[in-house]
Amino acid sequence: MVGLFSDRSGRIYEETVISAIRKTFTATAVATVVLAGSAACGTVENLSAGQKLDRAFEKLGKERSLSFELDLDADAATLKAMDAGAEPGERMPDEAAELLSDARISVSVQSRKPLEKSGEKDFKAMAVKLSGPDGALFEYRLVGDYTYVRADVDAVSRISGGPEMSADELPDSAGAFKKLVAGEWLKMNTKEMEQTAGSIAGGPPLGDEDPSAEPTLDARTQKKITKALRQVIAREVDFRTSGGDDGTEHIEATAPFRTLLTELFDELRPLTEELPPGAELPTAKDLEDAPNKKVTADFTLKNGDLTEVSVDLAELAENAKVKKFAVVLRLGKGEQATAPAGATEVRIDELMEGFMGGAPDGAFTEEDFAEAPQG
């Protein structure tokens, strides 16, 4: 919704942020891969480390609730240095760098079943919050049959370079949208919201798709994939463990980035026909420009429970000015998501109508409509 207010500078900001996030999550895949194959590593230390990680993740899988927080361990100057090679008009704005350096994504989920056995329909409550240096930018809660949202529209507009907005300046015809701009909680029936969103997109209502049509992996293929990943992990990943007297233990997994990814996809390529349709694997040529510096994932265990994963990405930046750049994931017991008090119940079509009636002058240009996807 807020993205609709962005002008060209706003779109540049969004593309820059998306690019930065894509880089960080690509590198985080190293940590995921390590987990998939850690139990079969070759040396005594690797075996011990793998067993501990396996036990920690087995415990997580048996829980019915989980919370985690994701953020970047890097300052704004570092993020700007990483973007120094971009064209002058496409470099990361100072506001975006400040936001990313202090941004946190917090998620909490509760399920009717153990997490390892949970499907989408098993989750009974969820809370998601994106926070910036000055507080929450966006919050979303799913509780029972309703979805609750609120946003700091003015803050997001300033950061993205979009037009400033104030609820006081919007006409009464903006309705529910005016309440959103004012930072109030809005409440929508989840099923009706999904049906309306599906209609707007020109397809079936969200959630009404035939589950049998979703691509899945059978147990036999999953075992083949796990075996292939473990073989690569055994060859390429080095483990080191260290611990303290308070029950805290660190397990570090280090591997050369490009070599690890290349060998992983080489092992998976013979299984291509058994993978879901559309699952295209990159070739060695596709990965040849990826840096081959070593990347380290640091897993923190407290009395056997996994509490934090930190992936050091500074080497991948290939920039001498980048000294500290990591993705940090902190885990904990999921807190029960609750319905916020005083939320105003609205319909999504009412919200869209209010937006069109209350959008500030200059929010849309001929260029915006020219760039809109057709079809």
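The following paragraphs describe the fold, the strand pairing, selected residues and the salt bridges of a predicted model.

The protein chain in this predicted model contains 13 helices and 12 strands. Of its 375 residues, 39% are buried, and the accessible surface of the chain comes to about 20900 Å², of which carbon and sulfur atoms supply 51%. When contacts between residues at least 6 apart in sequence are considered, 65% of them join residues that are at least 24 apart.

The 12 strands are arranged in an open sheet with mixed pairing, and their order across the sheet is β7-β8-β9-β10-β11-β1-β2-β3-β4-β5-β6-β12. The edges are occupied by β7 (238–243) and β12 (344–345), each of which has a single partner strand, so that one side of each is left without a neighbour in the sheet. Strand β1, which covers residues 65–73, runs antiparallel to strand β2 (residues 104–111) and is joined to β2 by seven bridges; within this pairing, F68 is found opposite V107 of β2. Strand β1 is also joined by seven bridges to strand β11 (residues 326–332), again in an antiparallel arrangement, and here L72 has V327 of β11 as its bridge partner. Elsewhere in the sheet, β4 pairs with strand β5 (residues 146–151) over six bridges in the antiparallel sense, and Y140 stands opposite V149 in β5. In a regular strand, side chains alternate between the two faces of the sheet.

Among the helices, α9 (residues 257–268) allows a check of its length against its number of residues. Because the expected span is 1.5 Å times one less than the number of residues, the 12 residues of α9 should span 16 Å, and the separation of 17 Å between the end C-alpha atoms agrees with this expectation. The buried residues of α9 include F257, L260 and L261, together with T262, L264 and L268.

The loop between α4 (94–102) and β2 contains A103, which counts as buried because its relative accessibility is 14%, below the 20% cut-off for burial. Apart from its neighbours within four places in sequence, A103 is in contact with L70, D71, L72, L130 and S131. One of these contacts is with L130, which is 27 residues from A103 in sequence, while the C-alpha atoms of the two residues are 7.0 Å apart in space. L130 also belongs to a nonpolar patch on the surface, which it forms with I105 and F138 and which has about 220 Å² of accessible area in total. Within this patch, F138 lies in strand β4 (residues 135–143) and, with a relative accessible area of 37%, is partly exposed.

A further loop, between β9 (294–302) and β10 (305–312), holds N303. The phi angle of N303 is near 55°, a positive value in a residue other than glycine. N303 is exposed, since its relative accessibility is 57%, which is over the 50% required for that class.

Side chains of opposite charge can pair when their charged atoms come close. The count of salt bridges in the model comes to 21. One of them brings together the side chains of E249 and K52, with an N to O distance of 2.7 Å. This pair links distant parts of the chain, as E249 lies in strand β8 (residues 248–256) and K52 in helix α2 (residues 44–62), 197 residues apart; K52 itself is partly exposed, with a relative accessible area of 23%. Another salt bridge is formed between E315 and K293, whose closest N and O atoms are 4.0 Å apart. This pair likewise links distant parts of the chain, with E315 in helix α11 (residues 314–317) and K293 in the loop between α10 (284–287) and β9, 22 residues apart. Both partners count as partly exposed, E315 at 43% relative accessibility and K293 at 37%. R141 and E139 form a further salt bridge, in which the closest N and O atoms are 3.8 Å apart, and E139 counts as buried at 8% relative accessibility. In addition, a network of salt bridges links E69, D71, R104, E308 and R330; D71, a member of this network, is also among the residues in contact with A103.

Key
Residues numbered from 1 in each chain as written. Predicted model: local features only at pLDDT ≥ 70, side-chain atom pairs only at ≥ 80, totals over all residues. Heavy atoms only, no water. Pairing = 2+ DSSP bridges. Helix = DSSP H or I, 4+ residues; strand = E, 2+ residues; numbered from the N terminus. Buried < 20%, exposed > 50% of the residue type's maximum accessible area, 1.4 Å probe, protein only. Patch = residues over 30% accessible without salt bridge, like charges linked within 9 Å, V, L, I, M, F, W, Y side chains within 5 Å. Areas by Shrake-Rupley, 256 points an atom, 1.4 Å probe, with all protein chains shown as cover. Contact = heavy atoms within 4.5 Å.
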